[in-house]
2 protein chains.
Amino acid sequence: MKLADKTSTEFIEVLVSKAAVPGGGGAAALTGAIGMALGSMVCNLTIGKKKYAEYEEKVKGILDKATKLQAELLKLIDADAECFLPLSKAYGMPKETEEEKKIKEETLEKCLKDACQVPVAIVKTCFDAIKLHEDLVDNCSMLAISDVGVGVQCLRAALYGAQLNVVINVNSIKDSEYIDKVKKETEPLVEEGVKIADIVYEKVVKALSK
Amino acid sequence: MKLADKTSTEFIEVLVSKAAVPGGGGAAALTGAIGMALGSMVCNLTIGKKKYAEYEEKVKGILDKATKLQAELLKLIDADAECFLPLSKAYGMPKETEEEKKIKEETLEKCLKDACQVPVAIVKTCFDAIKLHEDLVDNCSMLAISDVGVGVQCLRAALYGAQLNVVINVNSIKDSEYIDKVKKETEPLVEEGVKIADIVYEKVVKALSK
């Protein structure tokens, strides 16, 4: 059974448990999906409203991209779990002989890189989702603007959460070239994404205090 | 059907839609529940480990409180939805005569106050949950410390998200005494909660960079 097909109550139960999955990576992906869904909801509450007719085309474009990002984030909940199982097996491999040690190390390194790609993808997707909220905050129904703020906060949390999962994988990987590549891919997105999220949130707070 | 009994995929679908519920309040409560569940998971991964025997009693106490907060947050997803329906009905009440206007105003004011109590409760519960993460970060298995960071980020997002929902309710309420009371109840918790969450997250980042 897919994790995305569990009820919220069930997901929370299995998250709490010692079970290897879901963990922080899957939780970050779900939190990101919630964030992007709030953005999509704001699009749906803006489209078709006479008052916001001038935003219509732009918001339709945002919704189109948002729908894809949200589906991607839901997929990444389970992708995170799927990568964990081979990794867990690799940790259990024997290392009695030099030959076994070598095979175990190589297998571990490969599994760690596979596992690392999921939080890397969550970082990238959440960054794109935050950028969509940046567009949305200036082009949406004022009746739904608080939800842009909630959405962007969820994505900010998912971005940081995914990055922590990148770090724990990277900490066990030996290939320094790979580590550099992953850091260069993710760190600027996290830094910029958090900045944008904070700006969007402040705009929402300001709009609501008028 | 309860929102907490929907699958994540279904919850996201109905969140995206124009349907009045769930909205930002319910999304914040679910994000908070995910955050607290990560904290509980860290407790479960610490309890029973010889290496962390000295933390055992403390962590059991944290888990006990965490389990209650997490159940409370799951309940608040549906509580938020339940308050919205009478509010929505009140907005639809007639206001042709002075008498009707008066009744409508009074009903709206009551429904808005009821609706406001849910995000207020989410703020309080998330603050308590962040405080538990503050205890946990210094007393947990290093193998699970990244999840303390993900958990506290989810709770920070839920705290800010709930506060935005307090603000949108308060913006429509007329009773200034009630508004003052709610602001005094929530604003210091949000300010302090975010500060603590940021400190906990930084501790996690530091622990992972060793």
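Biologist: In which helix is the place of Ser8(A)?

Modeller: This is a predicted model, in which local features need pLDDT of at least 70 and side-chain atom pairs count only at pLDDT 80 or more, while totals for chains, interfaces and linings use all residues, and side-chain values use heavy atoms, with hydrogens and water left out. Residues are numbered from 1 along each chain as its sequence is written, and chains are lettered from A and ligands numbered from 1 in the order in which they are written. A helix is a DSSP run of H or I with at least four residues, numbered from the N terminus. By that rule, the place of Ser8(A) is in chain A, in helix α1 (residues 8-16).

Biologist: Is Ser8(A) buried or exposed?

Modeller: Buried means under 20% relative accessible area with a 1.4 Å probe and protein chains only, exposed means over 50%, and partly exposed lies in between. Because its relative accessibility is 3%, Ser8(A) counts as buried.

Biologist: Which residues does Ser8(A) touch, not counting those up to four places away in sequence?

Modeller: A contact here means heavy atoms within 4.5 Å. With that exclusion, the residues that Ser8(A) touches are Ala4(B), Lys6(B) and Leu30(B).

Biologist: How many residue pairs are in polar contact between chain B and chain A?

Modeller: The contact takes 48 residues from each of chain B and chain A, and the rule for a salt bridge (a side-chain nitrogen of Lys or Arg within 4 Å of a carboxyl oxygen of Asp or Glu) finds zero across this interface. A polar contact is a pair of N or O atoms within 3.5 Å, where within protein one must be able to donate a hydrogen and the other to accept it, and residues adjacent in sequence count only if both atoms are side-chain atoms. With both residues at pLDDT 80 or more, the count of such pairs is twelve.

Biologist: Which helix supplies the largest share of the side of chain B that touches chain A?

Modeller: Five helices of chain B, α1 (8-16), α2 (24-46), α3 (56-91), α5 (145-170) and α6 (176-208), each supply at least two residues of that side. The largest share, 14 residues, comes from α5(B).

Biologist: How many of the 23 residues of α2(B) are buried?

Modeller: From its first C-alpha to its last, α2(B) reaches 33 Å, close to the 33 Å expected at 1.5 Å a residue, where the expected span is 1.5 Å times one less than the number of residues. The helix is largely enclosed by the rest of the structure, because the number of its residues that are buried is 22.
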